[in-house]
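Okay, thanks everyone for coming. I'll put the structure up now, and then we'll walk through a few spots in it together.

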Amino acid sequence: MGVIASDSFDTVIVGGGHNALTAAAYLSRAGQRVLLLERLDVLGGAAISAPAFAGVEARLSRYSYLVSLLPRQIIDDLALDVRLARRTFASYTPDPADGGRSGFLASTHDFAEFGALCDSVTRPIWDSMLKPLRRRSAARTGAWEQFIETPIGEVIRAATPDDLRRGVLLTDALIGTFASADDPSLQQNICFLYHQMNPWDVPIGGMGAVTGSLEASARRHGAELRTGAEVLSVSPDGEVRYRTGSGEHTVAGARVLSGVSPTVLAGLLGEAPPAGQPGAQVKVNLLLNRLPRLRDESVTPEQAFGGTFHVNETYTQLESAYRQASSDRIPQPLPCEIYCHSLADSSILSPELRASGAQTLTVFGLHTPHGLGASAEQLQHAVLASLNSVLAEPITDVVATDADGRPCIETKTTVDLEDALGMTAGNIFHGGLQWPFAEDDEQLETAAQRWGVATDHDRILLCGSGSRRGGGVSGLGGYHAAMAVLDAD
């Protein structure tokens with residue numbers, strides 16, 4: 001099969017995740033001719049919903065699962081049909097000191113003083129996320145030194161003497177980030193900052209409802225979206241070569257936006273990969289016949305699973321788990337946190353499953369870095385063992401079975417993320433989060449630099465989680481790239 005003649009577009013977008021779709025919708029809305037190329041047969045990247053279990057009518061958010069940093073302005077600008085549900089409780093944490101026979105059910109009023117201190121930094125930053133980057137000195141406000149310049153471990157230890165409550169606070173610094181609470185790199189602080197900027201809500205209809213609405217907006221505004229289109233190379237002058245079932249094609253873009261990781265982009269450009277960070281999480285999806293019974297009889301399962309259910313995540317346990325993983329061992333016990341989508345949004349289940357009392361669980365295990373050498377089976381075993389340590393019955397006793405009689409348990413490791421979605425080293429942030437502001441001596445001469453989406457090539461911009469303020473299901477990477485293109489024009 002030969003190479004098909006090239007075509008020209010205002011913007012060619014590589015990758016079809018939620019950020020890429022956001023950029024496609026904004027640019028086509030502005031009148032540009034936009035082509036988006038996605039290797040897989042479906043759009044949405046990590047933000048999809050799918051039936052994970054054979055013959056079971058439950059559409060799970062298989063990879064990403066909560067929405068936090070998606071601004072209302074993006075929803076309104078693109079006329080998205082996106083609805084979010086606030087969870088009933090903030091969190092529940094069984095106390096491992098007594099085997100989970102007691103615990104801490106947190107409401108939005110707990111940690112009020114700490115939250116106000118944190119808000120003095122995060123609120124102004126959140127208010128700047130739809131604007132060009134501010135410099136560090138201009139962004140400095142509130143309790144800046146505590147949260148931006150001091151390891152978060154020091155701040156948390158000063159906030160409370162309680163090991164369990166310290167752990168509840170520390171978990172937000174470790175989602176997808178492999179670091180100690182006192183890591184001098186402050187990667188844990190950056191992660192904490194992003195997780196504290198806005199509430200984490202459940203997308204009604206699952207994560208696929210979010211990307212489905214973005215796809216519909218992009219198509220409605222005239223963007224051309226091609227699936228099954230594997231990009232083979234990108235040139236600095238905007239030529240993109242890709243392959244479909246009908247052969248190889250080349251297209252030219254006045255600009256090319258990259259929704260893939262910076263490492264994948266470097267490969268497409270034939271350049272050396274940038275330094276990055278490995279992912280450090282394992283995700284287990286389950287469908288249950290009912291919620292499991294707890295050892296703590298002071299709370300109901302609906303209360304405990306109504307927010308984030310923390311398992312073996314005291315401050316001491318989290319630090320111990322980091323040390324074990326640093327020595328190439330699966331942490332015992334494995335720190336985990338659980339989200340029950342179906343309690344807040346039962347629409348992802350069929351009417352029959354809803355009537356039966358079925359529930360979904362998403363379990364997110366921390367401190368399992370890419371390269372640990374553990375198999376999916378070993379990690380799944382560690383996750384289930386951790387859960388069982390605080391339950392009054394084995395979790396497998398309430399796991400539903402699929403049409404073939406197999407347990408409805410699905411495990412996604414960093415290896416799976418890299419193989420299936422092209423997320424380098426399984427990093428859900430495409431290589432590591434960055435501060436959402438520019439350094440005082442950083443060049444901000446071009447529109448791409450000012451919006452935090454620049455590469456070494458003027459015609460190639462980042463538009464995914466690898467951009468300066470990417471990460472999470474936010475659409476911000478796509479928004480910033482689109483604004484940089486329009487500002488430059």
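So, His 480: with a relative accessible area of 1%, it counts as buried, because the cut-off for that is under 20%. Keep in mind that this is a predicted model. His 480 belongs to helix H18, which covers residues 476-488. And what is His 480 in contact with, once you leave aside its neighbours within four places in sequence? You get Met 129, Trp 451, Val 453 and Arg 469.

Now hop over to another histidine, His 367. You'll find His 367 in the loop that sits between strand S16 and helix H15, the helix at 376-388. Is His 367 buried or exposed? His 367 counts as buried, because its relative accessibility is 1%. Its side chain also reaches a backbone oxygen, the one on Leu 318, at 3.4 Å. Again skipping neighbours within four places in sequence, the contact list for His 367 includes Leu 174, Thr 177, Phe 178 and Ala 179. Also on that list are Ala 280, Leu 318, Ala 321, Tyr 322, Ala 325 and Pro 331. So Leu 318 turns up both as a contact of His 367 and as the residue whose backbone oxygen the histidine side chain reaches.

Let's step back from that loop into S16 itself, residues 359-365. How many of its residues are buried? 7 of 7, so the strand is mostly covered, given that buried means under 20% relative accessible area. If you look at the two faces, one side has Gln 359, Leu 361, Val 363 and Gly 365, and these are buried. The other side has Thr 360, Thr 362 and Phe 364, and those are buried too.

Which strands does S16 pair with? One of them is S13, residues 282-288, antiparallel over 7 bridges. If you want a register to hang on to there, Val 284 has Val 363 of S16 as its bridge partner. Another is S15, residues 336-339, also antiparallel, over 4 bridges. In that pairing, Tyr 339 is matched with Thr 362 of S16.

For contrast, have a look at S7, residues 103-106. Here the side chains alternate: Phe 104 and Ala 106 point to one face and are buried, whereas Gly 103 and Leu 105 point to the other face and are not. S7 pairs in the antiparallel sense with S6, residues 91-94, over 4 bridges. And Leu 105 is the bridge partner of Tyr 92.

That's my tour, so over to you.

Methods:
Residues numbered from 1 in each chain as written. Predicted model: local features only at pLDDT ≥ 70, side-chain atom pairs only at ≥ 80, totals over all residues. Heavy atoms only, no water. Buried < 20%, exposed > 50% of the residue type's maximum accessible area, 1.4 Å probe, protein only. Pairing = 2+ DSSP bridges. Polar contact = N/O pair within 3.5 Å; in protein donor to acceptor, adjacent residues only side chain to side chain. Contact = heavy atoms within 4.5 Å.
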